[in-house]
Amino acid sequence: MSMVSAQGEQAAKAALTALDGALSREIHAVTDQIVACAAGIAAWVDYPDEDIEAVHPENLRPVFVQASQKLQGLLDRFDAGQAVTQGVDTVIVGRPNVGKSTLMNLLSGTERSIVTQIPGTTRDVVEQTVRIGNLVLHLSDTAGLRGTDDPVERIGVARARQRMERAVLLLAVFDSAEPLTGEDLELLESCRGRLALAVLNKSDCPPQVQPEQILPYISQVVCLSAQSGDGYETLRDALTRLLGTDHFDPSAAMLANARQRDCCVRGLQSLQEAIAALDSGMTLDAVNVCADSCIDALLELTGEKAADAVVAEVFARFCVGK
Ligand SMILES: Nc1nc2c(ncn2[C@@H]2O[C@H](COP(=O)(O)OP(=O)(O)OP(=O)(O)O)[C@@H](O)[C@H]2O)c(=O)[nH]1
Ligand SMILES: [Mg+2]
């Protein structure tokens, strides 16, 4: 299914890799280590009379820690992989006339949005999927954010705010040829804590805004002229850094979908519980319960121990014979 819905060549490669088994190799490597620990503990605990090698918690801890790091790495890469294969829901926001639609047109390489020097030009949300570097962005160009009495524009502004709420990535545009306004500061406030990139547009004009004014709110700031395209590469590089796709390696092991991600999250949680159990001096029995649930989650991930729910979902989503 990932192959079918893959967008772009990187995406196709990433989807192929998932089928190719890089992921399964990585998960097996982790699983094998945890299984070895669990078996060692079980044998030692269950057969006290036999001559079985003692299990020392200090030997288990580094194995669990290393396994957690591997799973965490997979989870981090999943987010970058999503940006490459599925695309990122992105909204272009800013007060009227800062150049949002000009930016939309630059990124899409077409005259997708209407551009005029009249503030309040864009009202409807204009959508376009674009490719920037190895990223796919689902862009929405929106009405300029401001209070207005114009009933049509008000609807546009309300739609812009809605889009902003649900977007994954915000491209916050500012007119660097004018000092920041109250509307700009309001926007900056609402970008706090969000995945956001600030574009100081109109860099072809003498600057009235410095990146330092933006940085307390948004950590990535790019100076650009949407009109001339100057600064496009800087924007592209900042975006790939922000979304973690700058060193994205399509041949590396990658979780392919939300179900696999969920298994990985559960596996990681169980490992963290196992480490906490070790650290608080709980019995090895307790540690083994955590190790077992980690193994279950990872086997479910690779499909070796498909829970009934998974089987049901597979039959529900794919055209396979029962
Ligand atoms: N000098 C200069 N002018 C620009 C640049 N980008 C946009 N403009 C001009 O700024 C004006 C507004 O551009 P738009 O792209 O329509 O701005 P907007 O943010 O979409 O405006 P609304 O839709 O009204 O919210 C137009 O006259 C553009 O030609 C730039 O990089 N440099
Ligand atoms: Mg516009």
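**Ligand 1 and a few residues around the fold**

Hi everyone, let me start in helix H11: Val-287 has a relative accessibility of 0%, so this residue counts as buried. Buried here means under 20% relative accessible area, exposed means over 50%, and partly exposed is in between, with a 1.4 Å probe and protein chains only.

Two housekeeping sentences, then back to the residues. This is a predicted model, in which local features need pLDDT of at least 70 and side-chain atom pairs count only at pLDDT 80 or more, while totals for chains, interfaces and linings use all residues. Residues are numbered from 1 along each chain as its sequence is written, chains are lettered from A and ligands numbered from 1 in the order in which they are written, and side-chain values use heavy atoms, with hydrogens and water left out.

Back to Val-287, which sits in helix H11, residues 284–302. Helices (H or I, at least four residues) and strands (E, at least two) are DSSP runs, numbered from the N terminus. From Val-287 to Ile-275 the C-alpha distance is 7.8 Å, with their positions 12 residues apart in sequence.

Please look next at Ser-270, in helix H10, residues 258–279. Buried or exposed, what is Ser-270? Ser-270 is buried, because its relative accessible area is 8%. Its side chain makes a polar contact of 3.2 Å with the side chain of Ser-293. By polar contact I mean a pair of N or O atoms within 3.5 Å; within protein, one must be able to donate a hydrogen and the other to accept it, and residues adjacent in sequence count only if both atoms are side-chain atoms.

Now for a pair that is far apart in sequence. Trp-44 belongs to helix H3, residues 22–46, and is partly exposed at a relative accessible area of 32%. Its C-alpha lies 9.5 Å from that of Leu-284, although 240 residues separate the two along the chain.

Over to the strands. Thr-90 is in strand S1, and with a relative accessible area of 0% this threonine is buried. Asp-141 is 51 residues away in sequence, and 9.0 Å away in space from C-alpha to C-alpha.

Asp-175 is in strand S4, residues 169–175, and counts as buried because its relative accessibility is 5%. Which residue does the side chain of Asp-175 join in a polar contact? The partner is the side chain of Lys-202, at 3.2 Å. Lys-202 itself lies in the loop between strand S5 (196–201) and helix H8 (211–214), and at 23% relative accessibility it is partly exposed. Its phi is positive, about 65°, although Lys-202 is not a glycine.

There is a positive phi at Asn-97 as well, near 75°, and again the residue is other than glycine. Asn-97 is in the loop between strand S1 (88–93) and H5, and a relative accessible area of 31% makes it partly exposed.

That brings us to H5 and the ligand. Helix H5, residues 100–108, gives the largest share of the shell around ligand 1, namely three residues. There are 23 residues around the ligand, and Lys-100, Thr-102, Gly-120, Thr-121 and Asp-204 come nearest; a residue is near if one of its heavy atoms lies within 4 Å. What does the shell consist of? It divides into seven nonpolar, 13 polar and three charged residues. Ala, Val, Leu, Ile, Met, Phe, Trp, Tyr, Cys and Pro count as nonpolar, Asp, Glu, Lys and Arg as charged, and the others, Gly among them, as polar.

For the atom pairs, a polar side-chain atom of Thr-122 is 2.8 Å from an oxygen atom of ligand 1. An N or O atom in the side chain of Asn-201 lies 3.2 Å from a nitrogen atom of ligand 1. Asp-204 also has a polar side-chain atom 2.8 Å from a nitrogen atom of the ligand. Taken alone, ligand 1 exposes 650 Å², and the protein buries 90% of that; these areas come from the Shrake-Rupley method with a 1.4 Å probe.

Thanks for listening, and I'm happy to go back to any of these residues.
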